[in-house]
Amino acid sequence: MTLPAILVAENAETLARLDDTLKDLADLEIVQKAPTLASAIAAMDEITTPSPFLVVVDLGQDPDDALRGAEELNSARSDCHIVMTSADKTPEIVLRAFRAGAEEFFTQPFDKDEILEAVHRLAGKVQQRATAERAGQIITVFSSKGGVGTTTLATNLAVAIQTHPHRPQSVCVVDLDLQFGSISTFFNIAAPYNIIDLAMHMDRADALFLESALGKHGSGVRVLSETTAPADPNQAPTVAVEQILELLTHSFDFVIVDCCDQINDLSVMAFQKSSLMLMVMVMDIPSLQGTHKAMSALDRLNIPPGKLRLIINRYVKNKFFKSESVTKVLGTQPFWMLPEDRLLTTTALNQGLSVIETKPKSALAKSYRGLGEAVVESLTPETTARKPRRSGFLSRVAASFM
Ligand SMILES: Nc1ncnc2c1ncn2[C@@H]1O[C@H](COP(=O)(O)OP(=O)(O)O)[C@@H](O)[C@H]1O
Ligand SMILES: [Mg+2]
């Protein structure tokens with residue numbers, strides 16, 4: 001369990017001593033050293049994760065600036081936890097430090113035991129709060145057969161939600177395909193741990209451990225990547241993966257799970273835990289038949305049909321196969337239709353970028369953004385929805401082509 005930490009001290013000698021005192025603490029990982037809070041804030045803007053981190057500020061000779069900066073920082077970033085230190089031990093300065101938002105205070109010259117105890121105490125508190133506060137939602141994305149665009153949808157939906165221009169929300173994508181998962185290729189990242197590594201270390205897994213285990217895409221989306229060697233899905237550590245998903249919902253607004261095309265213990269667990277299930281199909285007869293079979297299977301498994309949404313991918317107008325036929329056969333209307341753009345999806349994939357980042361003005365990118373909004377809206381309670389709900393199928397379809 002490590003908490004990322006930024007050290008701030010105007011005096012280079014104090015900064016070096018601070019670094020020397022804190023660098024071996026198991027609870028901390030020093031990620032930045034800065035002379036002023038302003039430069040530390042600039043560094044923090046690069047931290048896009050929802051995870052908490054620590055700022056240790058030396059109040060120095062002239063504490064006014066540092067105290068003011070800390071106060072501003074405290075109101076701007078709820079994920080930041082401030083520790084202050086000063087050679088001035090007067091009750092007045094300690095009081096001012098706590099008023100400015102410090103959660104711990106230690107005096108100078110540094111007493112390693114005192115610091116160790118303070119940091120340990122704060123790391124515990126931060127950890128507890130991070131776990132208690134958030135209640136993210138799980139969205140599963142799956143299909144009845146491979147190659148229909150499930151992973152493409154999972155990754156682009158994640159980027160659409162994470163990079164929403166007015167309401168960005170944090171997203172983690174989880175690859176649950178234990179055999180041929182490929183999420184890290186889609187995002188072109190190398191994550192330090194994969195889902196099986198994590199499942200095997202559940203005794204250590206907490207919000208801070210997760211933070212260090214997840215891959216990070218340039219869009220801000222975090223990724224729990226696939227296994228490096230194919231694992232037997234019949235031996236899947238379902239209970240541990242369920243705990244991981246649970247833990248992720250405490251750190252992210254949305255956890256998007258790529259369940260690929262399998263209905264097994266692992267995916268059924270994810271279906272049961274999810275608030276929304278996006279079932280992807282394409283406009284051909286085998287896909288329609290497969291989707292029909294999968295819907296019957298979900299019905300037999302008592303998965304509530306109310307959380308199932310049908311997505312038609314690679315939609316092209318075709319007089320021999322209309323979306324109305326899908327509704328007729330499956331008894332449910334498509335929730336969203338994503339247009340076909342082979343060149344764009346391939347170009348994006350080969351760069352490790354989403355379609356949204358590759359060609360933001362394309363019909364497909366707009367459609368993913370629209371889908372992201374529709375998904376978030378359908379998971380947002382009416383009372384907290386910030387704009388009127390688009391309800392009808394036709395208006396949604398119209399929106400997907402706007
Ligand atoms: N809307 C789309 N238009 C055209 N090609 C697409 C679209 N969505 C996905 N694809 C392509 O379909 C192929 C399969 O996509 P993938 O996401 O890997 O499917 P799955 O995860 O279901 O196996 C990829 O080559 C991808 O680029
Ligand atoms: Mg896939």
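## Working through a predicted fold

Asparagine 188 sits in the loop that links helix H7 (183–187) to helix H8 (195–200). The model is predicted, and the exercises below start from this residue.

**Exercise: two backbone angles**

Task: Work out what asparagine 188 and arginine 314 show in their phi angles, and whether each residue is buried, partly exposed or exposed.

Solution: Begin with the loop residue. Asparagine 188 is not a glycine, yet its phi is positive, at about 50°. Next, count its surroundings: 14 other C-beta atoms lie within 10 Å, so asparagine 188 is partly exposed. Now turn to arginine 314, which is part of strand E12. Arginine 314 is not a glycine either, and its phi is positive too, at about 55°. With 21 other C-beta atoms within 10 Å, arginine 314 counts as buried, because the cut-off for a buried residue is 20 or more.

**Exercise: a peptide bond to look for**

Task: Find out which form the peptide bond from glutamine 108 to proline 109 takes, and where proline 109 lies.

Solution: Start with omega, which is near 0° for this bond, making the bond from glutamine 108 to proline 109 cis. Then place the residue: proline 109 belongs to the loop between strand E5 (102–107) and helix H5 (112–133).

**Exercise: the open sheet**

Task: Trace the order of the strands in the eight-stranded sheet, and say which strands stand at its edges.

Solution: Follow the strands across in turn: E8-E9-E7-E10-E6-E11-E12-E13. The sheet is open and its pairing is mixed. At the edges you find strand E8 (215–216) and strand E13 (334–339); each has a single partner strand, so one side of each has no neighbour in the sheet. For a look at one pairing, take E7 (residues 171–175) and E9 (residues 222–224), which run parallel and are joined by three bridges. Cysteine 172 has arginine 222 of E9 as its bridge partner.

**Exercise: one face of a helix**

Task: Decide which residues of helix H11 (residues 265–273) are buried, and where they fall around the helix axis.

Solution: List the buried residues: Leu266, Ser267, Ala270 and Phe271. Look down the axis of H11 and these buried residues fall within an arc of 135°, so they line one face of the helix. A general rule helps here: an α-helix has 3.6 residues a turn, so residues three or four places apart point the same way. Finally, see what lies over that face. Among the elements covering the buried residues of H11 are strand E6 (137–143), helix H10 (238–251), strand E10 (254–260) and strand E11 (276–282).

**Exercise: partners far along the chain**

Task: Locate proline 233 and aspartate 19, and find which residues each one touches beyond its sequence neighbours.

Solution: Take proline 233, in the loop between E9 and H10. It is partly exposed, with 16 other C-beta atoms within 10 Å. Leaving aside residues up to four places away in sequence, proline 233 touches Leu178, Gln179, Gln262, Asn264 and Leu266. Leu266 is also one of the buried residues of H11. From proline 233 to leucine 176 is 57 residues in sequence and 9.5 Å in space, C-alpha to C-alpha.

Now do likewise for aspartate 19, in helix H1 (residues 12–22). It is partly exposed, with 14 other C-beta atoms within 10 Å. With residues up to four places away set aside, aspartate 19 touches Leu7, Ile30 and Lys33. Aspartate 19 and lysine 33 are 14 residues apart in sequence and 8.2 Å apart in space, C-alpha to C-alpha.

**Exercise: the shell around ligand 1**

Task: Describe which residues come nearest to ligand 1, and which element gives the most to its shell.

Solution: The residues around the ligand number 18, and Gly149, Thr150, Thr151, Thr152 and Thr345 come nearest. Sort the shell by kind: four residues are nonpolar, 10 polar and four charged. Then sort by element: helix H6 (150–162), strand E12 (308–315) and helix H14 (342–351) each supply at least two residues. H14 gives the most, with four.

**Exercise: where to read with care**

Task: Judge how confident the predictor is over the chain, and find a stretch where the pLDDT is below 50.

Solution: The mean pLDDT is 86, and 90% of residues reach 70 or more. The stretch to find is 383–395, where the pLDDT is below 50; beyond near neighbours in sequence, it has seven contacts in the model. Where pLDDT is low, the predicted coordinates should not be read in detail.

Methods
Residues numbered from 1 in each chain as written. Chains lettered and ligands numbered in written order. Predicted model: local features only at pLDDT ≥ 70, side-chain atom pairs only at ≥ 80, totals over all residues. Near = placed C-beta within 6 Å. Nonpolar A, V, L, I, M, F, W, Y, C, P; charged D, E, K, R; others polar. Buried ≥ 20, exposed ≤ 12 C-beta atoms within 10 Å, placed from the backbone. Arc of directions from axis to C-beta. Contact = placed C-beta atoms within 7 Å. pLDDT = per-residue confidence, 0-100. Pairing = 2+ DSSP bridges.
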